[in-house]
Amino acid sequence: ANQEILTPYHKEQLSNIGFVWKGTDVFFRKFLNSLLLFKEKTGGFKVNRSFMAPNDWPAEFHGYPLGEKVHQLKFKGLYIKDRLDRQEKLQDIGFPLPSRYTVQPSKSDESSTSAYIISTLSS
């Protein structure tokens with residue numbers, strides 16, 4: 001959809017139902033959700049570079065190269081370069097960002113991040 005021809009009301013309505021405005025958001029959501037699943041299964045974020053999501057994870061993650069994505073994030077800024085919103089989401093869940101990407105906590109409450117995570121998990 002072309003955002004410029006939509007009214008503010010329609011933009012808000014689409015955003016409220018989880019409409020993805022940018023394709024890169026889909027990739028980040030998959031990364032974030034697989035990272036959260038990894039943390040749930042292992043208790044932390046120490047992801048070996050060769051780790052790929054196993055077949056006992058939900059089907060949309062089978063074979064997902066989480067380890068390589070974490071490596072690219074840490075060394076090349078994958079998903080987070082120039083994206084303070086994403087950096088904050090990762091910090092909010094306790095993911096250790098490289099120091100060059102560490103941001104100060106925002107004034108917004110944590111419920112917005114929780115709502116984002118919950119809404120992306122149900123998408």
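These are my notebook entries on a predicted model, covering confidence, a buried leucine, aromatic pairs, one helix and its salt bridges.

**Entry 1: confidence**

I began with the confidence of this predicted model and found a mean pLDDT of 81 for the protein, with 73% of its residues reaching 70 or more. I then looked up where the extremes fall: helix H3 (residues 66-76) has the highest confidence, at a mean of 96, and helix H5 (residues 111-122) the lowest, at 45. Over residues 108-123 pLDDT stays under 50, and I noted that the model has 14 contacts beyond four places in sequence for this stretch. Where pLDDT is low, the predicted coordinates should not be read in detail.

**Entry 2: Leu73**

I turned next to Leu73, which has its place in helix H3. Is Leu73 buried or exposed? I recorded a relative accessible area of 0% for Leu73, so this residue is buried, the cut-off being under 20%. Setting aside neighbours within four places in sequence, I listed the contacts of Leu73 as Phe31, Leu78, Ile80, Leu90, Phe95, Leu97, Pro98 and Tyr101. For Leu97 I also looked up the separation from Leu73, which is 24 residues in sequence and 8.6 Å in space, taken from C-alpha to C-alpha.

**Entry 3: aromatic pairs**

I counted seven aromatic pairs in the structure. One of them joins Phe28 and Tyr79, which I noted as edge-to-face, with 6.1 Å from centre to centre and 65 degrees between the planes. Phe28 lies in helix H2 (residues 23-42), while Tyr79 is in the loop between H3 and helix H4 (84-92), so this pair ties together parts that are 51 residues apart in sequence. Phe28 counts as buried at 1% relative accessibility, and Tyr79 also counts as buried, at 14%.

I then looked up Trp57 and Phe61, whose rings form an edge-to-face pair at 6.4 Å centre to centre with 85 degrees between the planes. Both Trp57 and Phe61 are buried, and I found that ring pairs link these two residues with Phe38 and Phe51 into a cluster.

**Entry 4: helix H4**

In H4 I marked Arg86, Gln87, Lys89 and Leu90 as buried. Viewed down the axis of H4, the buried residues fall within an arc of 160 degrees, so they line one face of the helix. Just after H4 I noted Gly94, which takes a positive phi of about 95 degrees.

**Entry 5: salt bridges**

How many salt bridges does a search of the whole structure find? I recorded four. One of them pairs Arg83 with Asp25, and here the closest N and O atoms are 3.8 Å apart. I noted that this pair links distant parts of the chain, with Arg83 in the loop between H3 and H4 and Asp25 in helix H2, 58 residues apart. Arg83 counts as partly exposed, at 21% relative accessibility.

Asp25 also forms a salt bridge with Arg86, with the closest N and O atoms 2.6 Å apart. Arg86 lies in helix H4 and Asp25 in helix H2, so the pair ties together parts that are 61 residues apart in sequence. I looked up the accessibility of Arg86 as well, and at 5% this residue counts as buried.

For Arg83 I found a further salt bridge with Asp85, in which the closest N and O atoms are 2.8 Å apart. Asp85 is partly exposed, with a relative accessible area of 33%. I closed the entry by noting that salt bridges with shared partners join Asp25, Arg83, Asp85 and Arg86 into one network.

Methods
Residues numbered from 1 in each chain as written. Predicted model: local features only at pLDDT ≥ 70, side-chain atom pairs only at ≥ 80, totals over all residues. Heavy atoms only, no water. pLDDT = per-residue confidence, 0-100. Helix = DSSP H or I, 4+ residues; strand = E, 2+ residues; numbered from the N terminus. Contact = heavy atoms within 4.5 Å. Buried < 20%, exposed > 50% of the residue type's maximum accessible area, 1.4 Å probe, protein only. Phe/Tyr/Trp six-rings, centres within 6.5 Å; stacked < 30°, edge-to-face > 60°. Arc of directions from axis to C-beta. Salt bridge = Lys/Arg side-chain N within 4 Å of Asp/Glu carboxyl O.
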